[in-house]
Amino acid sequence: AIVERVKFNSVAGVKNFLAYCSNGPCTGNTQFFFNVNSLSVWDGAYVLQNTWNPSAGVWYHVVFTREGNLWKTYVDGSQIGSTVTSAQSLSAPASNYRIGAVGVGTDQFFNGTIDEVIIFNRSISTEQVVALFNNRSDLIVANETTTGQNWSVEITPNDGYDDGQTLESNGVLIIDKISPTITGAVNTSPN
């Protein structure tokens with residue numbers, strides 16, 4: 001999955017978010033881009049094209065996911081399209097990925113701002129896309145866990161001025177995907 005926030009200075013022409021090319025203009029290498037009212041993935045041919053009409057000067061949260069042969073695109077937490085392809089994997093990169101450009105020189109630069117780029121080595125769910133769009137990187141959505149997993153937790157308390165002592169758990173065992181019920185009094189005083 002690829003996640004990023006983008007703001008276009010202009011929506012005319014090709015705007016590459018992320019690409020890799022061995023040299024010169026990309027012709028058969030992987031590109032994730034916006035081009036003439038569509039979000040697209042190219043890997044020697046179009047793998048994915050979904051209609052999208054952004055405006056210049058507005059921030060957008062853009063996500064590309066792939067699970068098996070199912071590709072999805074999201075803008076601002078909402079899925080705008082999907083496609084099934086026979087391609088199970090993308091071409092192996094011949095060079096480093098480039099954020100905001102393709103190839104060398106001035107070939108298809110992104111005209112705007114790209115921020116908060118995250119590249120996952122796995123697909124992410126719709127719930128995870130929504131959590132990231134809402135800036136909830138602190139949230140583990142239920143479908144990220146599986147019964148029987150053992151997670152370690154570390155917490156550093158902070159009173160708004162100083163960090164306290166970091167504490168670590170021995171592990172948090174995931175026993176169910178149902179939210180826990182908290183009973184009893186909860187101290188909400190500031191002291």
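A residue counts as buried when its relative accessible area is under 20%, as exposed when that area is over 50%, and as partly exposed in between. The exercises below apply to a predicted model.

**Exercise 1. Describe the aromatic pair formed by Trp-52 and Tyr-60, and place both residues as buried or exposed.**

Solution.
1. Searching the whole structure yields two aromatic pairs.
2. In the pair of Trp-52 and Tyr-60, the ring centres are 5.1 Å apart and the planes make an angle of 85 degrees.
3. Planes over 60 degrees apart count as edge-to-face, and the pair of Trp-52 and Tyr-60 is therefore assigned to that class.
4. Trp-52 and Tyr-60 are both buried.
5. Ring pairs also bring in Phe-8, which forms a cluster with Trp-52 and Tyr-60.

**Exercise 2. Characterise the largest nonpolar core and identify the strand that gives the most to it.**

Solution.
1. The largest nonpolar core has 14 residues, of which Phe-17, Trp-52 and Val-62 touch the most other members.
2. Two or more residues come from each of β1 (2–8), β4 (38–43), β5 (46–51), β6 (59–67) and β7 (70–75).
3. The strand that gives the most is β6, with three residues.
4. Beyond its neighbours within four places in sequence, Val-62 contacts Ile-2, Val-3, Glu-4, Val-6, Phe-17, Leu-39, Trp-52 and Tyr-74.
5. Another core, of seven residues, lies apart from the largest one; Ala-1, Val-3, Val-63 and Val-129 are among its members.
6. As a general background, nonpolar side chains in soluble globular proteins tend to be buried together.

**Exercise 3. Locate the salt bridge between Arg-5 and Glu-116, and classify the accessibility of each partner.**

Solution.
1. The structure contains one salt bridge.
2. The side chains of Arg-5 and Glu-116 form a salt bridge with an N to O distance of 2.9 Å.
3. Arg-5 belongs to strand β1 and Glu-116 to strand β10 (residues 112–119); the two residues are 111 residues apart, and the pair thus links distant parts of the chain.
4. Arg-5 counts as buried because its relative accessibility is 16%, under the 20% limit.
5. Glu-116 is partly exposed because its relative accessible area is 42%, between the limits of 20% and 50%.

**Exercise 4. Summarise the protein chain by its elements, burial, contacts and accessible surface.**

Solution.
1. The protein chain has one helix and 14 strands.
2. Of its 191 residues, 31% are buried.
3. Among contacts with a separation of 6 or more, 51% join residues 24 or more positions apart.
4. The chain exposes about 11,500 Å², and carbon and sulfur atoms supply 49% of that area.

Technical notes
Residues numbered from 1 in each chain as written. Predicted model: local features only at pLDDT ≥ 70, side-chain atom pairs only at ≥ 80, totals over all residues. Heavy atoms only, no water. Phe/Tyr/Trp six-rings, centres within 6.5 Å; stacked < 30°, edge-to-face > 60°. Buried < 20%, exposed > 50% of the residue type's maximum accessible area, 1.4 Å probe, protein only. Helix = DSSP H or I, 4+ residues; strand = E, 2+ residues; numbered from the N terminus. Contact = heavy atoms within 4.5 Å. Areas by Shrake-Rupley, 256 points an atom, 1.4 Å probe, with all protein chains shown as cover. Core = buried A, V, L, I, M, F, W, Y, C linked by side-chain atoms within 4.5 Å. Salt bridge = Lys/Arg side-chain N within 4 Å of Asp/Glu carboxyl O.
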